[in-house]
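Hi,

Here is the structure I said I would pass on. Have a look at it first, and then read my notes below.

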Amino acid sequence: MTTEATTPPADPVWWGWGAAAAHHPLPGAVRDLLGQLGIPSRPSAPVALADITLPPVRLPGEVLDELRAVVGAGHLRDDREARVRHCRGRSTVDLLRLRSGDASDAPDAVVAPLDHDQVLAVLRICSRHRVIVVPFGGGTSVVGGLTPRLPPGQAPDGAPRWHGAVALDLHRLDGLLRVDQLSGTAVLGAGLRGPAAEALLAEHGLTLGHVPQSWEYATIGGFAATRSSGQASAGYGRFDQLVTGLRLATPVGTWQPGRGPASAAGPDLRQLALGSEGAFGVITEVTARVRPAPARRRYEGWRVADLATGLDLLRELAQRDLLPTVLRLSDELETAAGLANAVSAGTDVTASGGCYLVTGYEGSEDEVTGRAAEVRAVLRDAGARPLGEDVGRDWAAGRFHAPYLRDALLDEGIFAETLETAGYWSAIPTLYAAVRAAVTGAIESDGSPAVVLCHVSHVYPAGASLYFTVVCAEGPDPISRWDRAKRAAGDAIMANGGTITHHHAVGTDHRPWMPAEVGEVGVAVLRAVKAVLDPAGILNPGVLVSPPSE
């Protein structure tokens, strides 16, 4: 039996991704490549923690006293480091602001409840005193999901609108609460990080199988709140497909959607909670399907002639129900840049043109052998060339490296960011071309070169995702440049049959396109749900949907 590496990573640095020991200088091969592409470096370092500008604490003393009485004095912090660590998420824009010393969005305090009942009590206090609550799991949002946006003025009832904000840190809700071996389900605390969840399940011979790139730090509650997709989604499914039940604390009480493996008792209310990003309630427990931990894992690398050939292969595998557990296709530029497989940069992965394809299999020895044989036959019939298991294993070993590489790029004054979408197979070629052109044009409009790479990592019978990585020089105003590129990309996505987000959620970044995504009626439905569950509007305001008065 094999399991994912489950050693809990050390806490991340406040100015980047991951623990300080995991940070390394930019690899020479990457530096040389960027130089060839005309992207200059300009060494840059974050300011010292002591030099970060923080707003004064706004919370009245009586509110702080009430919160301490619920969670304990040691679990309410308003010191500089706690507030900075809970300021925003981990998008490149978030990091650039922090690294420059701007923590103007920092919460007034960080509150860490122990259990569901304490979360309920905190929400009641904050609702009564009109204190904003931002649920905080791993802090890995890259779409402004931890940065509430508030219109000025009074609340809908005429009272003063806000008296401060707290980050609701859920790290203490970290238990494996129940395992139902017979039903193949487990109840997990929302604050469990990915490695800790897998380690606890492994003690029972089980796995969740959900491994997104943020897995080291993202939490079970965050997976549910954002409709996360893992790198093994072809085999295990998206996280929302794994969820059979949820428990949420809301300002008006406990909400527990999901009863039984399936139901016809009206609309499935789980779907309102999944993807709600803390705007409707705080997810405290998740009941999810689990599976026996695989006895065997195998990863293989392949080369296909071009992106069009690779897309046809992915579609055939999906529509013939022959998907491996992992299926990932890099376009020609991502393959040539070596970023399709950072560990193997300079090997056959980057030679001879074409596109790099990864297949992965998990299960019993017979399941892995059988499915691998079926997939290989399809690939070989289409002219794909095998690169071997060593190349596949290198991809698996480096699957979490990209955020660390981004930090190394930021240290050199080089901007790197991602965006993603999904569309039907008939729309994918046009969608791919339109987004690449929109982003490239927006960034290069001021004469700065940009590199736009892409891969497909989530595949369905009807379509697939597209995940773009953008690299360019920071320039004098990288945040404005990225805002321009992001707007251009969002407009291109909506104009060419894509969804504004496949697995990064809405946050505040994608909210402008929600009327186009779900319609004005859909937006009104979301606002109505929020009004019922959060009548004072304290939960992550401005995330997912804009406040009614905005």
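Let's start with a question: which residues of helix 15 are buried? They are Pro403, Tyr404, Leu405, Arg406, Asp407, Ala408, Leu409 and Leu410. That is eight of the ten residues in the helix, so it counts as mostly covered by the 20% cut-off for burial. As for what covers them, these buried residues pack against helix 1 (28-36), helix 4 (92-99) and strand 16.

Before going further, please keep in mind that this is a predicted model. The mean pLDDT is 92, and 93% of the residues reach 70 or more. The stretch to watch is 342-350, where pLDDT stays under 50. The model does have 21 contacts beyond four places in sequence for that stretch, but where pLDDT is low, the predicted coordinates should not be read in detail.

Back to helix 15, which covers residues 402-411 and includes Asp411. Is Asp411 buried or exposed? Neither, quite: its relative accessibility is 27%, and it counts as partly exposed because buried means under 20% and exposed means over 50%. Leaving out residues up to four places away in sequence, Asp411 touches Arg42, Pro43, Ser44 and Arg99. You can also check its C-alpha against that of Leu49: the two are 362 residues apart along the chain and separated by 16 Å. Just after the helix, Gly413 takes a positive phi of about 75°.

Next, the sheet. Seven strands form an open sheet with antiparallel pairing, in the order 15-12-14-13-17-18-16. Strand 15 (385-388) and strand 16 (414-424) are at the edges; each has a single partner strand, so one side of each has no neighbour in the sheet. From one strand to the next, the twist averages 25°. Within the sheet, strand 12 (296-304) and strand 14 (355-363) are joined by nine bridges, and Arg297 stands opposite Glu362 in strand 14.

Finally, the cores. The largest nonpolar core has 53 residues, and Leu329, Val435 and Val439 have the most contacts inside it. Helix 16 (428-444) gives the largest share, nine residues. Taking Val435 as an example, it touches Leu419, Phe468, Ala489, Ala492 and Ile493, again not counting residues up to four places away in sequence. Another core, of 36 residues, lies apart from the largest one, and its members include Phe223, Ala224, Leu242 and Leu526.

Happy looking!

How values were computed:
Residues are numbered from 1 along each chain as its sequence is written. This is a predicted model: local features need pLDDT of at least 70, side-chain atom pairs count only at pLDDT 80 or more; totals for chains, interfaces and linings use all residues. Side-chain values use heavy atoms; hydrogens and water are left out. Two strands pair if DSSP finds at least two bridges between them. Helices (H or I, at least four residues) and strands (E, at least two) are DSSP runs, numbered from the N terminus. Axes are lines fitted to C-alpha atoms, for helices over the stretch in contact, and angles run from 0 to 180 degrees between N-to-C directions. Buried means under 20% relative accessible area, exposed over 50%, partly exposed in between (1.4 Å probe, protein chains only). Contact means heavy atoms within 4.5 Å. A nonpolar core is a set of buried Ala, Val, Leu, Ile, Met, Phe, Trp, Tyr and Cys residues joined through side-chain atoms within 4.5 Å. pLDDT is the predictor's confidence in each residue, from 0 to 100.
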